[in-house]
Amino acid sequence: MNTAISTLAQSGGRDTLIQDFRAVAEATTLSGAPRYSETPTLMWLAKFVTGAAGGPNKDAPLFELCHLITALKLGFGGGADLRAEFFLGLNPATPAAYKSFFDDAVAGEGLTVEDEQVTLNSGPAPFSIRYGRMPRLVALFEFLAGLDAFSFFGAFNDILDELEQSPNLAAIKAAANQLSSRMRHYRLQHLASAESDGKFTTVYSFLQDRSPQNAFQIDDAAIFEFWALHNQQNDYKGYRTVFDLFFKFMAAMDEVTSRRAAQDAGVLGADREGGELDIGEDSIDVLSPNWESPLDVFEEPPLSDIKFFKKSTELKPLETLMTYGPKVQSLALAFLRYEIFGFLQSAITNDLQIGRGEESVQNRVQCTDAEAYTERKTTFETLEAHVHQLIQACLHVVASDTVVAFPGIEDDSAKAFKKLTRKGFDDRARDNADAFKLAADPLLSVRTQLQGLLKALDKLDLETHFDADRVAFRQQFRALYGEAS
């Protein structure tokens, strides 16, 4: 919990927000045990509160929560008492508890109850929610219920009651929009970093000046140019901050484009009667399938019991790529700058904060030890090979749990499995075949992202770009942090 609180504090969380979060984090079962025993659940909630848990669409989890509430309505009849029992009464908050609860659901045309998930079939496409995901959505429900010391609780129940009256996709979107709007105002009031939403107009103006006729071109150069132009201002000092801002801007513009595809680009602002587009409000209204990091599932049982990834050497190098998703492929150079020079800038800030000394700071300012882009590409190639091996190993476990033989393929997968000398990849793996089966899709997603990035990097002259970027970032760092003594 301390790590989660630190995340909130570092994002500018104010006292009310911290207290609302603690109410969830410190919740206990009837026996006095922690209600949310899994640290990843609380960390995920902290990321949601700071607007960092839903990929480019920070409020996508609200859309998912409204689907879960609809599933309760379809399976049990709904109502405030049922919601209280499911979201606040089951102790502790575990996937097994929610699976057991849904085992008693009345499945029908609109709801399918499966071994690993429940699926709603009422929309244009099925929408599934894993039991392993539910503890996070339950924590989110409890946080929303307690907003501003429970002052939102009555309105929250009214929104959900209205949703349950017409449990369809339109009602789900409407409820998610209302909750998203409430969270937006809550963040603006209690989270200093939420003021970044107002920075969209600055990005818009920059792109408008850079791209005549509103033919916006967001490329590697645009992100660096914006940062170099604005980094003397505290709001834009960090290259990583600017990179993240551009991704959020792109996501917001995608949603606006979808909503008004037949119209010319509008002006950003809150004056809707005047034809302005408020990309901060109601952005969930046109929710298309949202990107969500495929790594999240590996932090949840039962996959967290198997060592698919080593935290520092395998998981950490993948985190940023999997957070931002497919759009990274069109901004591969900007992404490398984020990974290499963004890291150096964060290290400079850390050195200055803890007083590590002038020598350390200036060494980083000069970018002396910056990792070459070719080296980072080699790391991604190694990770792609590892993920491919994991996929083969999963195939071996799943195949060995069936009566169907896969000649040839099984030989390769068996070899891949035997080479993995880590927790979970042993003689008892077959007993955990369901977990390996569950891991297959997210592993395929991870590999697809790695392959896409590597393909984009193959088109770049990485050595030339690195040499030029080291000079460019050195110049910017000197302007920001001073020349060497």
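This is a guided tour of a predicted model, moving from one selection to the next.

**Glutamate 292**

Begin by selecting glutamate 292, which is found in the loop between strand 5 (276–277) and helix 14 (311–324). With a relative accessibility of 31%, glutamate 292 counts as partly exposed. Leaving aside residues up to four places away in sequence, glutamate 292 touches Glu64 and Arg133. Display the side chains of glutamate 292 and arginine 133: a polar contact of 3.1 Å joins them. Then add tyrosine 324, which is 32 residues from glutamate 292 along the chain; the C-alpha atoms of the two are separated by 8.4 Å.

**Glutamate 64 and arginine 133**

Keep arginine 133 in view and show glutamate 64. Their side chains meet in a salt bridge, with an N to O distance of 3.0 Å. Glutamate 64 lies in helix 4, whereas arginine 133 lies in the loop between strand 3 (127–130) and helix 7, so the salt bridge ties together parts that are 69 residues apart in sequence. Both glutamate 64 and arginine 133 are buried.

**Arginine 136 and glutamate 299**

Select next arginine 136 and glutamate 299, whose side chains form a salt bridge at 3.5 Å, N to O. This pair links distant parts of the chain, 163 residues apart: arginine 136 is in helix 7, and glutamate 299 is in the loop between strand 5 and helix 14. Arginine 136 is buried, with a relative accessible area of 3%, while glutamate 299, at 31% relative accessibility, counts as partly exposed. Add Arg130 and Glu300 to the selection, and one network appears: salt bridges that share partners join Arg130, Arg136, Glu299 and Glu300.

**Arginine 35 and glutamate 142**

A search of the whole structure finds 24 salt bridges. For another of them, select arginine 35 and glutamate 142, whose side chains meet at 3.2 Å, N to O. Arginine 35 sits in the loop between helix 2 (15–25) and helix 3 (39–49), and glutamate 142 sits in helix 7, so that the pair links distant parts of the chain, 107 residues apart. Arginine 35 has a relative accessible area of 3% and is buried. Glutamate 142 also counts as buried, at 16% relative accessibility.

**Helix 6**

Move to helix 6 (residues 95–102), where Pro95, Tyr98, Phe101 and Phe102 are buried. Looking down the axis of helix 6, one sees its buried residues within an arc of 125°, so they line one face of the helix. What covers these residues? The cover includes helix 4 (60–76), helix 5 (80–89), strand 1 (111–113), strand 2 (117–120) and helix 7 (134–145).

**The nonpolar cores**

Finally, turn to the largest nonpolar core, which has 82 residues; Phe308, Phe309 and Leu443 touch the most other members. Helix 19 (residues 433–458) supplies the largest share of this core, 12 residues. Centre the view on phenylalanine 309 and show what it touches, not counting residues up to four places away in sequence: among these contacts are Leu295, Phe298, Leu315, Leu318, Val387, Leu390 and Leu443, as well as Glu314, His386 and Arg422. A second, separate core of 61 residues completes the tour; Phe21, Ala93, Tyr131 and Leu140 are among its members.

Terms used:
Residues are numbered from 1 along each chain as its sequence is written. This is a predicted model: local features need pLDDT of at least 70, side-chain atom pairs count only at pLDDT 80 or more; totals for chains, interfaces and linings use all residues. Side-chain values use heavy atoms; hydrogens and water are left out. Helices (H or I, at least four residues) and strands (E, at least two) are DSSP runs, numbered from the N terminus. Buried means under 20% relative accessible area, exposed over 50%, partly exposed in between (1.4 Å probe, protein chains only). Contact means heavy atoms within 4.5 Å. A polar contact is a pair of N or O atoms within 3.5 Å; within protein, one must be able to donate a hydrogen and the other to accept it, and residues adjacent in sequence count only if both atoms are side-chain atoms. A nonpolar core is a set of buried Ala, Val, Leu, Ile, Met, Phe, Trp, Tyr and Cys residues joined through side-chain atoms within 4.5 Å. The arc is that of the directions from the helix axis to the C-beta atoms. A salt bridge is a side-chain nitrogen of Lys or Arg within 4 Å of a carboxyl oxygen of Asp or Glu.
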